[in-house]
Amino acid sequence: MGIAFSQQKESKLKTSDGETGDALPFCHVCIRDLETNHADYFVTDGNGLAKFTYSGKAIISVSFMGYKTILDTISNYQNEIEYTLKPQSFDFDEVVVTGQNAPISVDKSIYSIKLIGKQEIEKTASTNLSELLSKQVNIQINNDPSTGSSLKLQGISGENIKVLVDGVPVIGRLNGSVDLSQINLSEVDHVEIVNGPMSVIYGSNALGGVINIITKENKYASLRTGVDLYYESVGTYNANGNLYWKKNKNAAGATFGRNFFQGFSVDPNTRYMEWKPKEQYNGSAHYSYSSKNIMLKGKIDGYKEKLLDRNNPSAPYYINGTDTWYYTNRLTGSLHGDYQLSELNSFKTLFSYSYYDRSKEKYFKDLSTLETVLSPNAEDQDTSIFNAITARMTYNRRTISDVLEYQMGFDMNWEDAKGKRIYNEYEKMADYAAFLILKWKATDRLMIQPAIRFAHNTKYKAPIVPSINFKYGWDKNNFRFSYARGFRAPSLKELYLFFYDSNHQVEGNPDLKAENSHNFNLAYNGNVIMNEEALNYKLSLFYNQIFNKIALIQVDEANDLHYRNENIDKYESLGGSFGLSFSPIKYVRFDAAYAATGRRDDSSGLSDFYFSSDATANLDISFLENTANLAFNYKYVGKYPVYTNYGSDGQINVSYMDDYHNLDINISK
């Protein structure tokens, strides 16, 4: 089948399996005619055939799940075109950009990067980043009814995990963490996760790792639009839409979405809900210009959330209650520029401005008349406002032989905060830094990358931050080792914000010290051939040591909600993971992983590491000639150690949260 987009000559397309030579049916094909700049999309028939007409000059893309995508330029008319697609059992050709001088495949990156592609996002039916990451091994998600979802990576959490969208930091942390449930996945292409410190490249908040969300781009279609609808029986109603346009060197797009959750309580008869009702709106718009040597892109993202916290009726008549509304607004504007100065030189720029506010309004409600009155208590109403500016410039150069490559640049991060909950009602802090990264290809197999960062913080003395990475690869095996020093100045919220609601009483601490850390990571990727199929496996180990770690410490034994940010002398985490993946038969893929993480906190007075573990198992089955998919996603989260209050012996004790299992089954056509 096909759709003619030119009145010129007809051609026939044939697709086949590169392993068996058999016809490969139902391949997705995109053809853009270079004469008319018109694009068409179609699918090859059951025999792997399709007919189309074109001017003789075109760009063609052929894709099929489980096979490597083909992208080709046709410069002369051909009566018959045949493409042989090679099976792709592993993700060696998936391209990543986080921390790289230029886009590079996963297996060639000197960093150990976990890439979650758009196919995996679709198969798991995840609607936000929290749901997606909760299915990954060695990542623990904590869900707070009021502040949302946060994560732990390699036993490190909160302010030490940098969350980016297209390289731009996400502003607006509550209780130390970005609410991952606020990051919608409807327009996300893939997610890149870098384990371990990236402080040299990304500065503060990158001590524990970096999560970079890469959004979708319209590369071929002159006009494209779509709508996604999502429903859950617990009261979730989501709707998202998009519109993309492209002509010659210009492209633009816009997205909009609304997510609604009606709230949930274990007791259906109570007015108070453990999981708060909330309504979220998100939207974005962008314009880009691309030529052979220049790419310029401007983008604006907006987010709005309304969250309702209702309490139970008060005695003696139980006809009066309170409704507390929390409003969150986030607006981010960014400008990206990529300049290819020559084949060996490139220059990149990024500038972004982010605005964030969170306001609170408390109402008294008469449950008999439903009349609401704003509370006259000034402490029941407040707004905290944060502004952040990020600027980043890098210059990249490599030698003709690719033996030597270096990147140098500088970045600036500036933030201020104001509001009644802020100490002195206004505070600000800035960080200015320069960095240098040298990548040396010592041999065909060995790559060495030393790096260093010099920084000035307006409130804390920043040390020189070095790192070094090694990668040794042969065939499709890779061994990686890294050491990095980390530094993190306390955030404005940790220093000055006093955060109170029905579930929290968290105090800032202006006397906090900055964190310093050492990190070691080791990873090995290998494969063995079993029954003519490759089995891929990965082993990783890590050790983190953080001095003056900032943590929430309970300061009132009689009040379980009263906490303050304090420094811990030394915190350590160590652990590792092992995973494997293979395709036992055609159209079937299986992967599994196990991870264990131990933590030791000097302030507890306990000398032992306390471990937790988790495991995942995923099975993907394609059927109906690869037009449908059945996916099983299983995760086990083991019991988790937590420090409890002082016991009768005057020491902190350790208790455990219960373990649990989760299974998702998704079918798509």
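This is a guided tour of a predicted model, moving from its nonpolar cores to a surface patch, then to paired strands and salt bridges.

**The cores**

Begin by selecting Y111, M198, Y202, V210, Y460 and F487, which, of the 40 residues in the largest nonpolar core, touch the most other members. To see where this core draws its residues from, colour the elements that give two or more residues to it, namely β10 (113-116), α3 (199-202), β28 (382-398), β30 (426-441), β31 (446-457) and α4 (492-496). In soluble globular proteins, nonpolar side chains tend to be buried together.

Next, centre the view on V210 and display its surroundings, leaving aside the neighbours within four places in sequence. The residues in contact with V210 are then T98, K162, L164, E192, I193, V194, M198 and Y202; M198 and Y202 were already on screen, as they are, like V210, among the core residues that touch the most other members. From here, select I141, V163, L180 and V188, which are included in a second, separate core of 21 residues.

**A nonpolar patch on the surface**

Turn now to the surface and select V403, L404, L438 and W440, a nonpolar patch whose accessible area together comes to about 310 Å². Within this patch, L404 is found in strand β29, which covers residues 404-418, and L404 counts as partly exposed because its relative accessibility is 34%.

**Three strands in succession**

For the strand pairing, show residues 250-261, which are strand β22, together with residues 278-290, which are strand β23; the two run antiparallel and are joined by twelve bridges. As a landmark on this pairing, label R258 and its bridge partner in β23, Y281.

Then add strand β24, residues 294-310, which runs antiparallel to β23 and is joined to it by 13 bridges. Here the pair to label is A285 and I300, the latter standing opposite in β24. If you follow the backbone from β23 into β24, you trace a hairpin with three residues between the two strands.

**Salt bridges**

A search of the whole structure finds 23 salt bridges, and three of them make useful stops. Select E80 and K12 for one of these, where the closest N and O atoms are 3.7 Å apart. E80 lies in strand β7 (residues 80-85) and K12 in strand β1 (residues 10-17), so this pair ties together parts that are 68 residues apart in sequence. Both ends count as partly exposed, E80 because its relative accessibility is 42% and K12 because its relative accessible area is 31%.

Move on to D411 and R453, a salt bridge in which the closest N and O atoms are 2.9 Å apart. D411 lies in strand β29 and R453 in strand β31, so the pair ties together parts that are 42 residues apart in sequence. Are these two residues buried or exposed? D411 counts as buried because its relative accessibility is 3%, and R453 is likewise buried, with a relative accessible area of 3%. Keep both selected and add R392 and D431, since R392, D411, D431 and R453 are linked in a network of salt bridges.

Finish at E566 and R564, which form a salt bridge whose closest N and O atoms are 2.6 Å apart. E566 is partly exposed, with a relative accessible area of 23%, and R564 also counts as partly exposed, at 27% relative accessibility.

Technical notes. Residues numbered from 1 in each chain as written. Predicted model: local features only at pLDDT ≥ 70, side-chain atom pairs only at ≥ 80, totals over all residues. Heavy atoms only, no water. Core = buried A, V, L, I, M, F, W, Y, C linked by side-chain atoms within 4.5 Å. Buried < 20%, exposed > 50% of the residue type's maximum accessible area, 1.4 Å probe, protein only. Helix = DSSP H or I, 4+ residues; strand = E, 2+ residues; numbered from the N terminus. Contact = heavy atoms within 4.5 Å. Patch = residues over 30% accessible without salt bridge, like charges linked within 9 Å, V, L, I, M, F, W, Y side chains within 5 Å. Areas by Shrake-Rupley, 256 points an atom, 1.4 Å probe, with all protein chains shown as cover. Salt bridge = Lys/Arg side-chain N within 4 Å of Asp/Glu carboxyl O. Pairing = 2+ DSSP bridges.
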